[in-house]
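Thanks, everyone; I would like to take a few minutes on the side-chain packing of this model, beginning with one aromatic residue and working outwards from there.

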Amino acid sequence: QVQLVESGGGLVQAGGSLRLSCAFSGRTFSSYAMGWFRQTPGKEREFVAAINWDGGNTYYEDSVKGRFTISRDNAKNTVYLQMNSLNPEDTAVYYCAARRGLLSQLQYEYDYWGQGTQVTVSS
């Protein structure tokens, strides 16, 4: 019953920035922890960032710390991923996910997933 729709992906040069958005609908957004994951063809999906119900706690994969910022606006039922200083290794399909519970980096703990949005970083 929960629906997640990502947007904001595209093509950007190395060193540039993108802001991804994920719109949540179907349930009470503030009850869900949210996460961002990404997947490159030929590789397994990996954790990127997560945020707790009220935005008070966040967690990041090491390679994106200091460059990416996850945030949420509960009034708009939306979670964001601000990506700065992008490099070609960030190229992937980015997915948002939701879980009723605490922030987690584990894919299997998330109950709902968006369709993904492509991010391509050129060198």
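Let me start with F37, which counts as buried because its relative accessibility is 0%, where buried means under 20% relative accessible area, exposed over 50% and partly exposed in between, with a 1.4 Å probe and protein chains only. Before going on, I should say that this is a predicted model, in which local features need pLDDT of at least 70 and side-chain atom pairs count only at pLDDT 80 or more, while totals for chains, interfaces and linings use all residues. Residues are numbered from 1 along each chain as its sequence is written, and side-chain values use heavy atoms, with hydrogens and water left out.

F37 forms a tilted aromatic pair with W113, at 5.0 Å centre to centre and 50 degrees between the planes; rings of Phe, Tyr and Trp (its six-membered ring) pair if their centres lie within 6.5 Å, and planes under 30 degrees apart are stacked, over 60 edge-to-face, the rest tilted. W113, in contrast to its buried partner, counts as partly exposed because its relative accessibility is 28%. Both belong to one aromatic cluster, together with F47, Y59 and Y110.

Turning to the cysteines, the search of the whole structure finds one disulfide, defined as a pair of cysteine sulfur atoms within 2.5 Å, and here C22 is joined to C96 with an S to S distance of 1.9 Å. The link is right-handed, with 50 degrees about the S-S bond, and both C22 and C96 are buried.
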